[in-house]
Structure formats: structure tokens, C-alpha cells
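Below is a short briefing on how one protein chain divides into domains and how those domains meet. One buried position is described at the end.

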Amino acid sequence: MPRMDVGPPIDQNMAIMETRIEILGLARSELAERLSGQSLDPALVPRLWNSIYVRGATRFSQITSIAKQTRDRLEDRFVIGRPSVARELTSSDQTRKWLLQFPDGQSVETVFIPEQDRGALCISSQVGCSLTCSFCHTGTMRMARNLTAAEMVAQAIVARDSLSEWGLHRRFCKFTNLVLMGMGEPLFNYDHVAAALRIIMDGDGFAISRRRIMLSTAGVVPMIERTGRELGVNLAISLHAVRDDLRDELVPLNKRYPLAELLRACRTYPAASNARRITFEYVMLRGVNDSDADARELTRLLAGIHAKVNLIPWNPWPGAGYQTSAPDRIQSFARIVNIGGFSAAVRATRGDDIMAACGQLKSTLMS
Ligand code: SAH
């Protein structure tokens, strides 16, 4: 893959010199505390929150409902950060991808997938990924670090900026849903993910409800129950195989949390119901996991779980040793899953001309 043009290098000294308090990523209560700590009135929180998360303010000077003197003081002590957008690409199908660069030089990719009457922003939770799933491009990057809550909230903010949706009634927004399906394993970065989601779900801010958020995990079993109880978001499981020996190979995390344990956690996921099913993602790899017998075993494993299946035609990337299943193989697989009592949607590939499809993300600033 060609190296992306990433613009001028970030001045590391600038990053070190920034001593003001970053507001994005702070919970309301934390923001109130920080304001008090700077001898500012914590009662400013609702106005700041609205200005930043509903109107998209980037400077305190834009918040004219606050007295000039207070604004100056805010400008002095606080900052409403934006990561630098090193590259923005739009696919022929209108999928957009941003390469965001943070002050420490690390970068991630964020993707927006528009649909008829809605659209999902796919955010990253880590720089790189430690899971090394054999079919995933991100898995070939080394894991650099977790993203902070601010850096995840910033991805949503960049999308609103780029889509010019600040201040618009929700009815007119294309960015309506959020999925944690970008780079990284969100449940290895739970605290920051939870803090970011609470901000994004806040009814007086972004107001994207938990029902419009989907967190995808390769199966960090000990964190699944907590995710449902504390965040109540929709859950997706990257299943991809129905036998432990194959799943150990495709998703090495399976060696730590094998299928039986993973499915047990799904059976009791607090936020699942008949109306809110757990999505089981299953990447279709030719001759690897796509036989009729695999499909039958899948329905057997999912029995008793509020489940639906999302079949993902594998998206190629340079140097990968896999091929995607033929369309009629995928149809046959889907039919068996349907007969077994589960809905089986075949996920449309979006944004593959800009390497924005599932599993193609890799920030090329990395070695
Ligand atoms: N670590 C989390 C979040 C990543 S989500 C998880 O594993 O769920 C990204 C989704 O795309 C996962 O379901 C992943 O397995 C899938 N994926 C990865 N590489 C892919 C590829 N090349 N083609 C299609 N899907 C892929």
C-alpha cells in the first residue's frame, strides 16, 4: 500500500508546551472539578457542554453567552482540542476515511459509512492492535498504545466537523450511529472507551443513544458482562470460526478465552434481548471456515442466545494469505443459518477503494 501523504511533521515541542487542560474526554463532573480548580464557576458546565458537543465550538471566544472576562480565563487555562486530520479520503460510495494524527505523532483511522437515512461512524480504540488476527490488516501493525477518551471523542467531533452537522436537528444528521469496529480491541481499553461512550451518549451533547452504539470485541470474556451492565450498548462478537482449533489460528485471543466461555458470556449479556440481539460477525474465508457443516455448527452454538449473524465477505489487503468466499458459497451458508433460526445478513463491502472496509485499516504513519 502506498504511503499516505501525512503533511508536515508535528512539532514535538508544541505538544510538550501545551499545558492547558484538554476538555474533550472529561466527564461533566470532572469538568466541574477542573473549573473549580482554576477558580472558575462549575455552573459553566452546561453551557460549555452544549457549545462544544451540540454547536461544535473550537474556541471559547465563540461562546458569546459567557462573559468576555470568563472566556479569556477559559482560553488561558483550557483547550478544546482537535487532532490534526492528516488525510481525508472519500470513496466512490461516499464512505469517508480520516487519518488522524495526535500530538505525540501516533495516528489512527476513522471511517464514516453513510446509508439512506442514517450513517455509522466507525471509530478506533487503540493505535494498532495486540490481537494479531491472521486475516486482519490492523493485526499486522504493532500495538502502540491505547487511545484516551479525548482521542475517541475527538473522532466523533472530526466527523461532525467534516460533515458540517453542528447544531443540526438529529433528523438532518447523517452521523446517527457509532460502532467501535475500527482499529484496536475496545475491551482491552475499557476505562477510556467507557468514558468516551458516556460523553457521546450524554443526552445534552452528542446524544447518540446506547441503542445506536455497537461495540465489537474479539471476545475479552471478563469484560463482557460489565460492558452490558455499565454501558448497555449493543454487542458484536468477532466469531469467525466454530471450532477452537481454527479460531485459535484466526483469532489467537481464543486461546485465552475459548468458544465455550465466550458463548456463555453472550448467553447472559445484560443488554441483549429479543429486540436487541448480539451480532455475531463471521468473516467468509474461502475453504477455511465457509462450509455447510460450519454453518450448521454455527446455528448449534448460537442456540439459546439472542443472536443474529453478520457474514462479512473477507476484504483483501496486500500480502494476506486468504481469499474471500464465492458469492454462492456465502448465500448457501446464509441459507443454512436462516433455516437454523437466525437472521444472516451479508455485510455489503463499503469503501474498499480507499482501504476503508472492515479489517483494512492500518495507519501508514506506523512502521
Ligand atoms: N478488535 C475488535 C474490533 C475490531 S472490529 C474485534 O475484533 O471485534 C473489526 C471487524 O472486522 C472484526 O469483526 C474483524 O474480525 C473484521 N475484520 C478484520 N479483518 C477483516 C477483513 N480483512 N475482512 C473482513 N473483515 C475483517
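The points below cover the domains, their interface and a single glutamine.

This is a predicted model, in which local features need pLDDT of at least 70, side-chain atom pairs count only at pLDDT 80 or more, and totals for chains, interfaces and linings use all residues. Residues are numbered from 1 along each chain as its sequence is written, and side-chain values use heavy atoms, with hydrogens and water left out.

**Domains**
- The chain is assigned domain 1 (25-79) and domain 2 (84-354), with bounds from an automatic or database domain assignment.
- Their C-alpha centres are 34 Å apart.

**Interface**
- In contact (heavy atoms within 4.5 Å) are 11 residues of domain 1 and 11 residues of domain 2.
- The two domains bury about 910 Å² between them, 62% of it on carbon and sulfur atoms; buried area is the accessible area (1.4 Å probe) that two parts lose on being put together, summed over both.
- The rule for salt bridges (a side-chain nitrogen of Lys or Arg within 4 Å of a carboxyl oxygen of Asp or Glu) finds 2 across this interface.
- On the domain 1 side, helix α3 (residues 45-53; helices are DSSP runs of H or I, at least four residues, numbered from the N terminus) gives the most, with 4 residues.

**Gln155**
- Gln155 lies in helix α5 (residues 149-163).
- Gln155 has a relative accessible area of 1%, so it counts as buried (under 20%, 1.4 Å probe, protein chains only).
- Beyond its neighbours within four places in sequence, Gln155 is in contact with residues including Leu100, Glu109, Thr110 and Ser124.

Definitions and conventions. Helix = DSSP H or I, 4+ residues; strand = E, 2+ residues; numbered from the N terminus. Buried < 20%, exposed > 50% of the residue type's maximum accessible area, 1.4 Å probe, protein only.
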